[in-house]
Amino acid sequence: MKASRIFLRWSALALCLASAAAPALADTPLPQLRKQGTTTQLIVDGKPFLLLGGELHNSSASNLDYLNGVWPLLKSAELNTVIAPVEWDQIEPREGHSDFTVLDGMLKQAREHNMRIVLLWFGAWKNSMSSYAPAWVKHDDQRFPRARNRAGEPQDILTPFSDKLLASDKAAFSALLRHLKDVDGQRTVLMVQVENEIGMLPDVRDFGPLANAALKQQVPAQLTAYLKAHRESLNPYVKSLWEAQGARSSGTWAEVFGTSVEAEEVFQAWHYAQFTNALTAAGKAAYGLPMYVNVALNRPGKKPGEYPSAGPLPHLFDIWKAGAPVVDFIGIDTYFPNYVEWARKFKRPDNPLFVPEANYAGRPDIGANAFFSIGELDAIGYSPFGIDGPKDYSKDTLPAAFRVLKQLSPLILSAQGKGQMRGFKAPATYEGKVDARPQVARLGAYSIEVSFNAPWEKELKESEADVRGGLVIQTGENEFIVAGRGIVTVFKDADGNAAVGIEKLGEGSFIDGKWKEGRWLNGDESHQGRHVQMPADSFGIQKVTLYKFR
C-alpha cells in the first residue's frame, strides 16, 4: 500500500514536470488575421508579422535529402518564410492511410534554420490539372470523373461537380490539418493555401454530365443575395451579365446570367468556389489557420479557357467572395511586366494583398516591387517563385531589399492602415513600357513628389526605371523615413503656404529596432537640401527632418 502511494505521488510529480516542460498550445497563439485601420495584418506569436518569403519549386520539398541542401541558399536570400507544397499523392498513397514523414521532416528542418512555413495544398488541382491526386484517385474515373471539354473529351482535370471527390479531398486535407495541430505547437506553419491556381482548361467550363445537369439548376439564393447587396461595387464583368438579364433574384443560370461564354465562366467559378469553400471549412474545423487561394492571371485578349477559366481572378472576385466566404483572401501569382496594375486590383477592403508568386526569383525588378507592395498596398507578404532556382544570391537585388525591409518591419507594421506610409514604383504596361513620370502623394502636412531619376539623369532606360522603387514612412510631424533604391523625393507644404527645407538628413540602419546613424547628407548628396536621393545601385534607408519657412 505504501509503495503504491509512493508510485502515485511520483507519477503525479512526473506528470506535472512533463506538463511544465512541454509547450502548451494555448501558450502560443495561432497565427491569425487582424484588422488595423484600413488594412489587414498577419499576426504571428501575438504580434504583427511581415512575411518576406520565397516559394520553392514544385518538387523541392518532396524529398528531405534534397530539401536539406537548399536551406543555406534560402538563408542567403534573407527570407523569414518559405512557401512549400504538400502533395496529396505523397501524404495519402493509400486511401485512408496518411504518411506525414516528409511534412514532419520539412518542419524539423525549417525550425533548425529559424524559418516559418506557408503550406501549399496540392490536392485536387494544381495549375488547373490534377497531377497531384493519388494513384487510387487517378485510376478510378468512375468514382472520380474527369472534366470534359466542349467536344465531350475527358481532360486530366477532376470535376468540381463530384461530391465523392470533395469528400476525399476533405478527408485528406482535414487529416493534414489535424496532424499539424498535433505536431506544430511551435506554430512553424503560418498559413495554408488551398489548392493551387484553380481554373478550367482548355474550355470555359466543364461539359461533363454532372456539370451540364448543374447548369440547368436554379442559381443559389446565396449568390443572388450577394449581387443585390453589392450591386454598386460589383465588377463590370459580372454586373453587366446580371443586369442584362434584368438583375433577377432567382432563375436558372441561363435566366440570371445568359448563355454567353462569359456567363458560363461565372457558372464554373461559382462551383469552383463552393468546392473550395467546403474544403477550407473542413480544414479550419480541424485546425484554424488562415487559409487563402491563389490565381493564375489572364493575358490581354484571351478568352476563358485560353487562360485558366473561372479561377479567382479580379473580374470574378464577386463570385468567389460570395461562394467561398470561409476563404480568408485571394493571393496573386504574377509573371507579367504590369505588376503595379495587377497588384492594385488585389488590394480591397475585403482582400489584403499577399503575393505568393511574385515572378521568378532572380529578376532585377523583384526588390522594387516588394517595396511598392508593402509601402503602398500594405501587403501581408511578398514572395518570388522558384526561390531555390538561383545558384547564388550574392549579387541579387532580393536579399538587399529584404534586409532593409526586415530592419523597417516594426515601423512598417505600425504604419500600415493608418495613412502614414506610401510606396512608389514606376508602372509598366503588359508590353513592358515603363512610365517613369514623377508620382505625387500626401503624408500629413506634406506633399511628396517622387521621381525615378536624379535631375542630372536626362535619359533613363526602361530597364533602369523598372528596378527603382521605395517607400516613405511618416514617423513624426516633420520626420520621415525614406527607403528603397533609385528614388528622388522632394517634400513640399501640402497647402502651399510655406517653403520646405531639410533640417537634417542622414543615412543609417536599424539595429534591434534602434536607429544607428551613418553619414549626414545635407550637402551634395541632397543637392544642398533640395531632395532626398536614394542611390540607384543599392537599397538603403535615410532619415530626414524637415522645417518650413516663409
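## Close-up views of a predicted model

**Figure 1. Helix 16 lies across five strands.** Helix 16, made of residues 397-415, lies across strand 15, strand 18, strand 19, strand 21 (499-511) and strand 24. Look at strand 18 in particular: the helix runs at about 30° to it. Keep in mind throughout these views that this is a predicted model. Its pLDDT averages 94, and 95% of the residues score at least 70. Residues 1-24 are another matter, with a pLDDT below 50. Beyond near neighbours in sequence, that stretch has zero contacts in the model.

**Figure 2. Six strands make an open, antiparallel sheet.** If you trace the sheet across, the strands come in the order 15-18-19-24-21-22, and their pairing is antiparallel. Which strands are at the edges? They are strand 15 (421-425) and strand 22 (514-520), each of which pairs on one side only. On average, and with direction ignored, neighbouring strands of this sheet are turned by 30° against each other. Helix 15 (residues 366-377) packs on the sheet too, where it touches strand 15, strand 18 (469-476) and strand 19. The direction of helix 15 makes about 150° with that of strand 15.

**Figure 3. Strand 19 pairs with strand 24.** Here we zoom in on one pair from the sheet. Strand 19 covers residues 479-485 and strand 24 covers residues 540-549; six bridges pair them in the antiparallel sense. To find one of these bridges yourself, start at Val 482 and look for its partner in strand 24, Gln 542.

**Figure 4. Gln 41 is a buried residue with polar contacts.** Gln 41 is found in strand 2, which spans residues 39-44. Is Gln 41 buried or exposed? Its relative accessibility is 3%, so Gln 41 counts as buried. What does the side chain of Gln 41 reach? One polar partner is the backbone oxygen of Leu 413, at 2.8 Å. Another polar contact, of 2.9 Å, joins the side chains of Gln 41 and Gln 416. Leaving aside neighbours within four places in sequence, the residues in contact with Gln 41 also include Gln 32, Leu 33, Arg 34, Gln 36 and Pro 48.

**Figure 5. Strand 5 is covered on both faces.** Strand 5 runs from residue 81 to residue 87, and seven of its seven residues are buried, so this strand is largely enclosed by the rest of the structure. In a regular strand the side chains alternate between the two faces of the sheet. On one side of strand 5 you will find Thr 81, Ile 83, Pro 85 and Glu 87, and on the other Val 82, Ala 84 and Val 86. Strand 5 pairs in the parallel sense with strand 4 (residues 51-55) over three bridges, and Glu 55 stands opposite Ile 83. Strand 5 also runs parallel to strand 6 (residues 116-126), and seven bridges join the two. There, Thr 81 stands opposite Arg 116.

**Figure 6. Helix 5 is followed by a residue with positive phi.** Helix 5 has twelve residues, 101-112. From its first C-alpha to its last it reaches 17 Å, close to the 16 Å expected at 1.5 Å a residue. The buried residues of helix 5 include Val 102, Leu 103, Met 106 and Leu 107. Asn 114 comes just after helix 5, in the loop that leads to strand 6. Its phi is near 55°, a positive value in a residue other than glycine. With a relative accessibility of 66%, Asn 114 counts as exposed.

**Figure 7. Asp 378 also has a positive phi.** Asp 378 sits in the loop between helix 15 and strand 14 (381-382). The phi of Asp 378 is near 55°, and this residue is not a glycine. Is Asp 378 buried or exposed? At 9% relative accessibility, Asp 378 counts as buried.

**Figure 8. One loop holds Asp 206 and a cis peptide bond.** Asp 206 lies in the loop between strand 9 (189-196) and helix 8 (209-215). Its relative accessible area is 1%, so Asp 206 is buried. A polar atom of the Asp 206 side chain lies 2.9 Å from the backbone nitrogen of Arg 148. Among the other residues in contact with Asp 206 are Thr 159, Phe 161 and Gln 268. Pro 202 is placed in the loop between strand 9 and helix 8 as well. The peptide bond from Leu 201 to Pro 202 is cis, with omega near -5°.

Methods: Residues numbered from 1 in each chain as written. Predicted model: local features only at pLDDT ≥ 70, side-chain atom pairs only at ≥ 80, totals over all residues. Heavy atoms only, no water. Helix = DSSP H or I, 4+ residues; strand = E, 2+ residues; numbered from the N terminus. Expected span 1.5 Å × (residues − 1). Buried < 20%, exposed > 50% of the residue type's maximum accessible area, 1.4 Å probe, protein only. pLDDT = per-residue confidence, 0-100. Contact = heavy atoms within 4.5 Å. Pairing = 2+ DSSP bridges. Axes fitted to C-alpha atoms, helices over the stretch in contact; angles between N-to-C directions. Polar contact = N/O pair within 3.5 Å; in protein donor to acceptor, adjacent residues only side chain to side chain.
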